[in-house]
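Colleague: I'd like to talk through the charged pairs in this one with you. Could you walk me through them?

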Amino acid sequence: MSVDNEIKGRLALITGASGGIGAGCARDLFHQGAHLALTYSSNRAAVDELIAELQSKDATRRLSSHKVDIGSSEDIQRLFDEIKDAHNQPGPDILISNAGYGKRIPDIIDISLEEFDYTVSINLRASFILSKLAVPHMTAQRWGRIIFISSIAATGGGINGCHYAASKAGVTGMMKNLANKLAQHGITVNDVAPAMIGATGMIPDAKFVEGTAGDVKNIPVGRLGTPQECANVVSMLCGTGYMTGQSLLLAGGLR
Ligand SMILES: NC(=O)c1ccc[n+]([C@@H]2O[C@H](COP(=O)([O-])OP(=O)(O)OC[C@H]3O[C@@H](n4cnc5c(N)ncnc54)[C@H](OP(=O)(O)O)[C@@H]3O)[C@@H](O)[C@H]2O)c1
């Protein structure tokens with residue numbers, strides 16, 4: 001039986017590439033030869049700069065930028081239409097559903113219903129819609145990689161409230177179900193569950209979380225994680241077709 005773990009020449013869709021972890025994944029998959037479709041919501045300049053940086057390294061690569069409110073199913077459908085135009089294929093070979101949102105509200109009493117619904121729509125519903133649109137092309141070619149960026153919150157940890165935990169636990173549940181259903185079509189589905197990744201909009205630096213449970217004093221390895229370390233795990237999953245249905249905790253020893 002032949003084993004195909006080639007990333008070179010594949011099209012990777014990375015949502016939230018204007019943020020820390022998304023940009024890290026984009027750089028790493030580009031390094032391995034992927035074409036990229038990158039989304040942003042408000043920070044167009046970040047993706048423009050990233051594309052200019054990557055294009056200066058290899059001008060032959062297809063790199064496209066897409067403005068998408070991931071809370072809007074119409075926007076996600078338009079994203080797939082734009083991908084078809086830019087890359088001449090109906091969807092990505094690799095889906096990294098990374099765009100996410102999490103207003104830090106630790107106490108359930110303070111979490112409004114609107115905040116709960118919005119968090120679930122950005123973190124969970126969007127991953128469902130993206131996967132639904134990505135699966136037909138992956139199934140047709142009998143090759144695909146779907147990777148969700150979950151969180152340590154999915155298993156009850158982290159510094160945020162139950163709204164964020166519920167949205168990320170939903171992602172992990174969906175991942176496990178899809179992994180079971182899609183393996184027969186050559187599609188693997190996994191998630192990466194980070195905690196305390198610095199150089200991101202969520203956690204700019206160690207000072208930002210000083211005095212919270214995420215204080216670096218409480219992280220066994222004694223520092224924040226980096227977007228590149230998230231990208232390392234994402235790229236490993238892209239290149240490892242025998243691994244599916246796994247949630248990989250990337251948390252410096254935190255539980
Ligand atoms: N940093 C951590 O320690 C950590 C830990 C656990 C999980 N995560 C997860 O990692 C993922 C990436 O976050 P990050 O840490 O890299 O933070 P970040 O730098 O703030 O990036 C967040 C990204 O999500 C995008 N986004 C937010 N709301 C959106 C919306 N409504 N529509 C479309 N895109 C939207 C942002 O786009 P714009 O900036 O263009 O608006 C940005 O690209 C998230 O899913 C987050 O939950 C992070």
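Modeller: Gladly! This is a predicted model, and a good place to start is the salt bridge between the side chains of aspartate 48 and arginine 44, with N to O at 3.2 Å.

Colleague: Which helix holds aspartate 48 and arginine 44, and how many residues apart are they?

Modeller: The two sit about one turn of the helix from each other. Their helix covers residues 44–55, so it is H2, and the spacing is four residues.

Colleague: Is aspartate 48 buried, partly exposed or exposed?

Modeller: Its relative accessible area is 34%. Buried would need under 20% and exposed over 50%, so aspartate 48 is partly exposed.

Colleague: What is the N to O distance between arginine 78 and glutamate 82?

Modeller: These residues are four apart in helix H3 (residues 73–87), which means about one helical turn separates them. Arginine 78 is partly exposed at 31% relative accessibility, and glutamate 82 is partly exposed at 25%. Their side chains meet in a salt bridge, N to O, at 2.7 Å.

Colleague: Which residue forms a salt bridge with glutamate 210?

Modeller: Glutamate 210 and its partner are both exposed. The closest N and O atoms are 3.8 Å apart, and the cut-off is within 4 Å, so the pair counts. The partner is lysine 207.

Colleague: Which residues are joined into one network by salt bridges that share partners?

Modeller: Here the salt bridges link up through shared partners. The network consists of Arg27, Glu53 and Lys57.

Colleague: And how many salt bridges does a search of the whole structure find?

Modeller: The pair of aspartate 48 and arginine 44 is a salt bridge, as is that of arginine 78 and glutamate 82. For the whole structure, the search gives ten.

Terms used:
Residues are numbered from 1 along each chain as its sequence is written. This is a predicted model: local features need pLDDT of at least 70, side-chain atom pairs count only at pLDDT 80 or more; totals for chains, interfaces and linings use all residues. Side-chain values use heavy atoms; hydrogens and water are left out. Buried means under 20% relative accessible area, exposed over 50%, partly exposed in between (1.4 Å probe, protein chains only).
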